[in-house]
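Work through the exercises below with the sequence and the structure open. Try each task before reading its solution.

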Amino acid sequence: MQPTATVLVYSDDSNTREQVRLAAGRRPAPDVPVVEFIECATPAAVLSELDRGGVDVCVLDGEAVPMGGMGMCRQIKDEVFNCPPVLLLIGRPQDAWLATWSRAEAAVTHPVDPVEFAAALASLLRDRKALSA
């Protein structure tokens, strides 16, 4: 894995994108790379960035409008070759089954708990590193 990891954050709400950046910090765990963020507010921007390549993990807001993160996740898993792992922000713990339906690798509840979020993101970054090794 490169010295930095690129994390795409999709939410129509700039406050949610900021919560994700703050929860992850510059490095979510000592054994993973420094994180750089790409922020997307629309589904078209997500698809454009994924087509460009270089994204290590996607963080998708399940409550985003006009397309929720669960639908976006399902779409990119179907359409993007070697789709990066997805961390889904869900509104309630009971929505975890929907995260499974969308084929997200991990899910955390919103509002973002920094410890839980950083641990989930670091785990996906470690898995991505192991697959590329």
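**Exercise 1. Lay out the fold.**
Count the helices and strands of the chain, then give their order along the sequence.

*Solution.* Begin with the count. The chain holds 5 helices and 5 strands. Next, read from the start of the sequence. The elements follow the pattern β-α-β-α-β-α-β-α-β-α. Keep in mind that this is a predicted model.

**Exercise 2. Test the chain against a compact globule.**
Compare the radius of gyration of the chain with that of a compact globule of 133 residues.

*Solution.* Step one is the expectation: a compact globule with 133 residues would have a radius of gyration near 14 Å. Step two is the value for the chain, 13 Å. The two agree. For the outline, take the C-alpha atoms along the principal axes. They fill a box of roughly 35 × 30 × 25 Å.

**Exercise 3. Describe burial, contacts and surface.**
State what share of the residues is buried, what share of the contacts joins residues at least 24 apart, and what surface the chain exposes.

*Solution.* Burial comes first: 46% of the 133 residues are buried. Now take the contacts between residues at least 6 apart in sequence. Of these, 67% join residues at least 24 apart. Then turn to the surface. The chain exposes about 6,600 Å², and carbon and sulfur atoms supply 54% of that area. Finish with the charges. There are 12 positive and 18 negative charges, and their mean positions lie 5 Å apart.

**Exercise 4. Place two strand residues.**
Decide whether Ala-5 and Val-57 are buried or exposed, and list what each touches beyond four places in sequence.

*Solution.* Start with Ala-5 in strand S1 (residues 4-10). Its relative accessible area is 0%, so Ala-5 is buried. Its contacts are Pro-33, Val-34, Val-35, Glu-36, Asp-56 and Leu-125. For a distance check, use Arg-27. Ala-5 and Arg-27 are 22 residues apart in sequence, and their C-alpha atoms are 9.2 Å apart.

Move to Val-57 in strand S3 (residues 57-61). Val-57 also has a relative accessible area of 0%, so this residue is buried. Val-57 touches Thr-6, Val-7 and Leu-8, along with Pro-84, Pro-85, Leu-121, Leu-124 and Leu-125. Asn-15 serves as the distance check here. Val-57 and Asn-15 are 42 residues apart in sequence and 20 Å apart from C-alpha to C-alpha.

**Exercise 5. Explain two buried acids.**
Why do Asp-95 and Glu-49 count as buried, and which side chain does each meet in a polar contact?

*Solution.* Locate Asp-95 in the loop between strand S4 (86-90) and helix H4 (96-101). The cut-off for buried is under 20% relative accessible area. Asp-95 has 8% relative accessibility, so it counts as buried. Its side chain makes a polar contact of 2.8 Å with the side chain of Arg-92. Beyond four places in sequence, Asp-95 touches Met-70 and Ile-90.

Now find Glu-49 in helix H2 (residues 43-52). Its relative accessibility is 17%, so Glu-49 counts as buried. A polar contact of 2.9 Å links its side chain to that of Arg-52. Setting aside residues up to four places away, Glu-49 touches Leu-8, Ile-38, Cys-40 and Val-55.

Note on methods:
Residues are numbered from 1 along each chain as its sequence is written. This is a predicted model: local features need pLDDT of at least 70, side-chain atom pairs count only at pLDDT 80 or more; totals for chains, interfaces and linings use all residues. Side-chain values use heavy atoms; hydrogens and water are left out. Helices (H or I, at least four residues) and strands (E, at least two) are DSSP runs, numbered from the N terminus. The radius of gyration is taken over C-alpha atoms; the globule rule is 2.2 Å times the number of residues to the power 0.38. Buried means under 20% relative accessible area, exposed over 50%, partly exposed in between (1.4 Å probe, protein chains only). Contact means heavy atoms within 4.5 Å. Accessible areas come from the Shrake-Rupley method with a 1.4 Å probe; for residues, only the protein chains shown count as cover. Lys and Arg count as positive and Asp and Glu as negative; His and the chain ends are not counted. The place of a charge is taken as NZ of Lys, CZ of Arg, CG of Asp or CD of Glu. A polar contact is a pair of N or O atoms within 3.5 Å; within protein, one must be able to donate a hydrogen and the other to accept it, and residues adjacent in sequence count only if both atoms are side-chain atoms.
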